[in-house]
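Trainee: I would like to go through this entry with you. May we start with the contacts between the chains and then turn to the fold?

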2 protein chains.
Amino acid sequence: MSIPMDFNVFSDEFFMRQALLEAQKAFELDEVPVGAVLVAQNQILARAHNRTEALTDISAHAEILAITAAAQALDSKYLPKATLYVTLEPCLMCAGALAWAQIGRIVYAAADPKRGFLALAPKALHPKTKLEQGPLAEEAQALLQSFFKRKR
Amino acid sequence: MSIPMDFNVFSDEFFMRQALLEAQKAFELDEVPVGAVLVAQNQILARAHNRTEALTDISAHAEILAITAAAQALDSKYLPKATLYVTLEPCLMCAGALAWAQIGRIVYAAADPKRGFLALAPKALHPKTKLEQGPLAEEAQALLQSFFKRKR
């Protein structure tokens, strides 16, 4: 069996799967299970999951941890060539952070009609940032639902 | 000369003056000059100024540094009894962070029609958070203007 020439192992699904692995780590640590990876040129520059409980820090969302780690790695506040894969639509705080970082592209899995930025401030992002809903929305959503069910 | 019985040394102006001192520190360090103090029961729990350049971190705004420091001091993610004094209207990221922190009250000095949250998402804050424009707006604005004039 041959692999087609245009086969790309580094697909959106591949990277979102990595973000979902991070979300699962959060779940195991009793944190709201959201994960993110920051990718540039098919390399994962940062992996992160929500750590608000562990750090007693409302700003320790996966997205902010990922972009600040990548900023350190690249020694640059701005990430116009990077893509953020995140398992949940970013909140307003994270959308604002992603705007300041001038992130190139955001791919999210599950939508968040209640806390996501799209309902409150659809123009929150930098005008050059591409935004799309990507793969694994159902898996990401199921993980969140089982977390909140456990909490009740 | 006697001091009236109801004289309150801990006025909004007193605390905003402290936030402005933080902004002046940022100015001297070549950071966008915004400062904040976090106050509960007339005690300053945290002082902070913008450190985005020093930390290569777009999330290192004065507001976020102040609330995360206070959260550490109080060992609580939530700050419903605290007031944040900040020299500039918070951006979307900071408004989102202040919403997660359920801050009790926000007093800002200068308005920020371009980058402030009020234009983009006026409902960004927690419904119980009180917001008001306070004293020293002109001083805070003048400091920002002289910073950006120096940059040109």
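Mentor: Certainly. Please keep in mind that this is a predicted model. Between chain B and chain A there are 2 salt bridges.

Trainee: Which residue of chain A does Lys77(B) pair with in a salt bridge?

Mentor: The partner of Lys77(B) is Glu53(A), and their closest N and O atoms lie 2.7 Å apart.

Trainee: Which helices of chain B each supply at least two residues of the side that touches chain A?

Mentor: Those are α2 (52–55), α3 (62–74) and α4 (92–100) of chain B. By class, that side of chain B has 14 nonpolar, 8 polar and 6 charged residues.

Trainee: How many residue pairs are in polar contact between the two chains?

Mentor: The count is 6 residue pairs between chain B and chain A, with both residues at pLDDT 80 or more.

Trainee: And how many residues of each chain are in contact?

Mentor: On chain B there are 28 residues in contact with 28 residues of chain A.

Trainee: What area is buried between them?

Mentor: About 2,300 Å² is buried between chain B and chain A, and carbon and sulfur atoms give 70% of that area. Ile58(B), Lys77(B) and Trp100(B) supply 32% of what chain B buries against chain A, more than any other three residues. Lys77(B) is thus listed here as well as in the salt bridge with Glu53(A).

Trainee: Let me turn to symmetry. What turn and shift lay chain B on chain A?

Mentor: A turn of 180 degrees with a shift of 0.0 Å along the axis lays chain B on chain A, with an RMSD of 0.0 Å. That is the relation of a two-fold axis.

Trainee: Which C-alpha in chain B is nearest the axis?

Mentor: It is the C-alpha of Met93(B), 2.0 Å from the axis.

Trainee: Why can one say that the copies meet through the same surface?

Mentor: Because 100% of the interface residues of chain B are also interface residues in chain A.

Trainee: Now the fold. How many helices and strands does chain A have?

Mentor: Chain A has 6 helices and 5 strands. From the N terminus on, the order of its elements is α-β-β-α-α-β-α-β-α-β-α. The radius of gyration of chain A is 15 Å, close to the 15 Å that the globule rule gives for 152 residues, so chain A is as compact as a globular protein of that length.

Trainee: What box do its C-alpha atoms fill?

Mentor: Along the principal axes, the C-alpha atoms of chain A fill a box of roughly 50 × 40 × 30 Å.

Trainee: One last topic: how many salt bridges are there over all chains?

Mentor: The count is 14 over all chains. Arg17(A) and Glu13(A) form a salt bridge at 3.4 Å, N to O. These two residues are 4 residues apart in helix α1 (residues 12–28) of chain A, so about one helical turn separates them.

Conventions
Residues numbered from 1 in each chain as written. Chains lettered and ligands numbered in written order. Predicted model: local features only at pLDDT ≥ 70, side-chain atom pairs only at ≥ 80, totals over all residues. Heavy atoms only, no water. Contact = heavy atoms within 4.5 Å. Buried area = accessible area lost by both parts, 1.4 Å probe. Salt bridge = Lys/Arg side-chain N within 4 Å of Asp/Glu carboxyl O. Polar contact = N/O pair within 3.5 Å; in protein donor to acceptor, adjacent residues only side chain to side chain. Nonpolar A, V, L, I, M, F, W, Y, C, P; charged D, E, K, R; others polar. Least-squares fit on C-alpha atoms with pLDDT ≥ 70 in both. Rg over C-alpha atoms; globule rule 2.2 N^0.38 Å.
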